[in-house]
Amino acid sequence: MIIAIDIGNTNIVLGCLEPDTGRLLFTARLSSDRVKTSDEYAALMRNMFILNQVERHDIEGSIISSVVPTLTVTMKDAIRQLCGRESLIVGAGLKTGLNIVMDNPAQLGSDLVTDAVAAAAEYPKPILIFDLGTATTLSVVDKRGNYVGGMIIPGIAISLEALSSHTSQLPHINLEGPKRVIGTNTIDCMKSGIVYGNAAMIDGIIERVSQELGEKPTVVATGGLAPNITKYCKSDIICDGELILKGLRILYNKNKP
C-alpha cells in the first residue's frame, strides 16, 4: 500500500491505495492548516488508519503533490513519523512521461501535472481538464499527449466570498444549487449567478478551446466543487473525483525506489 497526498490551498486530500491495482482503501480530507505541526498531522492520519482498519506499518511508500511549500515539509515529516517512510515529491527531477510544451515548464503546478498524467493515461486525447478547487484551472493535453497550456481562473468559493465581502448588502451564502436560472430574491440571485455563471463559463471555454484545437476534446472535471457545477453545464463532461490520486499512483510507480 502507498499513501498519496494532494496538498491544496484549502484542503489536503489523502488516499491509501494499492500501487499495482489502484484499488482505493480509503480517502480523507484535512484542512490545509499551515499552523499545525507534523506531530498533529501524524496523529490525525494515524486515527484515519485505525478508523478504516488499515495497518499503517504495511505502507511501502508515499508520494506528495503540493502547492503549499511549507506544508510539504510538514507532511513529509508526518509520514516519516507515521510509518517510517520517505515521500516522493512531485516536482523537478521526477519522471512524469508528460511532454510540457509551455514557455517555462518549471512553473507548472504539481497538481496540474498530476491531473494531466492521470487523464492522459485514462481518457482519449485531446483532453481538457478542469480542476475546480480554490482556483479553477484548465489544463489542455493535445492529441499527441503534449501538455500545451491552460487557464487559471478565480475559484468559485473565492468569487462568492469576494462578492459578499466587498458589497454592503449581499450576505454570505452557502454554495447550493439554485431553484431556477432567474432568481426572485437576493440569495437565489446570488446562487444562480455563481452556479450558472460558472457553468456557462466552462461551456464557453470548452467551445472556444475546441475551435482552437480544431477537434472535439474529451472533457474531464475534478476537484471538490466539480459535482456542484458540472451538472449544470450543457457540455459532455466526465466528473472524476479521484483523478489526482490516480495520477499520484502512476507517478509513484514511475519513480519508486
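**Cysteines.** I looked for disulfides in this predicted model and the count came to 0 disulfides. I then checked C16, which is in no disulfide, the nearest cysteine sulfur being that of C83 at 9.4 Å. A disulfide is a covalent bond between the sulfur atoms of two cysteines. Seen from C83, the closest cysteine sulfur is the one in C16, and because 9.4 Å separates the two sulfurs, they are too far apart for a bond; the cut-off applied here is 2.5 Å. I also noted the accessibility of both residues: C16 is buried with a relative accessible area of 0%, and C83 is buried as well, with a relative accessible area of 14%.

**Strand β2 and its neighbours.** My next entry concerns strand β2, residues 11-17, and I asked how many of its residues are buried. I found 6 of the 7 to be buried, so β2 is largely enclosed by the rest of the structure. On one side I traced its pairing with strand β1 (residues 2-7), where 6 bridges join the two strands in an antiparallel arrangement. Within that pairing I recorded D6 opposite V13 in β2 and, further along, I2 with L17 of β2 as its bridge partner. The connection from β1 to β2 is a hairpin through 3 residues.

I followed β2 to strand β3 (residues 24-31) next, and counted 7 bridges between these two antiparallel strands. N11 stands opposite S31 in β3. β2 and β3 also form a hairpin, this one with 6 residues between them, and in its turn I noted G22 with a positive phi of about 80°.

**Strand β1.** I went back to β1 to see which way its side chains point. In a regular strand the side chains alternate between the two faces of the sheet. In β1 I found I2, A4 and D6 pointing one way and I3, I5 and I7 the other way, with all of them buried. Because 6 of the 6 residues are buried, β1 is largely enclosed by the rest of the structure. Besides β2, I found that β1 pairs with strand β4 (residues 61-66), in the parallel sense and over 6 bridges; here the bridge partner of I7 is S66 in β4.

**Residue S32.** What does the side chain of S32 reach at 3.2 Å? I placed S32 in the loop between β3 and α1 (38-51) and noted that S32 is buried, with a relative accessible area of 10%. The side chain of S32 reaches the backbone oxygen of N11 at 3.2 Å, and a polar atom of that side chain also lies 2.6 Å from the backbone oxygen of G8. Leaving aside residues up to four places away in sequence, I listed G8, N9, T10, N11, I12, Y41 and L71 as the residues that S32 touches.

**The open sheet.** I then turned to a sheet of 6 strands, which is open, has mixed pairing and runs in the order β6-β9-β8-β7-β10-β11. Which strands are at its edges? I found β6 (99-100) and β11 (238-239), each of which pairs on one side only. At the β11 edge, I saw 2 bridges joining it in parallel to strand β10 (residues 218-222), with V220 opposite I238 in β11.

I looked for helices against this sheet and found α3 (residues 110-122) packing on it, touching β6, β7 (127-132), β8 (135-141), β9 (146-154) and β10, with its direction at about 135° to that of β7. I also found helix α5 (residues 186-213) lying across β7, β8, β9 and β10 and running at about 155° to β7.

**Helices α4 and α5.** My last entry is on a helix pair. Two packed helices are described by the angle between their axes and the distance between the axes. For helix α4 (residues 156-165) and α5, I noted that the axes come within 11 Å and cross at roughly 150°, and that the crossing is right-handed. Which residues of α4 meet M190, I194 and N198 in α5? I found I156, S159, L160, L163 and S164 on the α4 side of this contact.

Methods:
Residues numbered from 1 in each chain as written. Predicted model: local features only at pLDDT ≥ 70, side-chain atom pairs only at ≥ 80, totals over all residues. Heavy atoms only, no water. Buried < 20%, exposed > 50% of the residue type's maximum accessible area, 1.4 Å probe, protein only. Helix = DSSP H or I, 4+ residues; strand = E, 2+ residues; numbered from the N terminus. Pairing = 2+ DSSP bridges. Polar contact = N/O pair within 3.5 Å; in protein donor to acceptor, adjacent residues only side chain to side chain. Contact = heavy atoms within 4.5 Å. Axes fitted to C-alpha atoms, helices over the stretch in contact; angles between N-to-C directions. Left-handed = near helix turned anticlockwise from the far one by under 90°.
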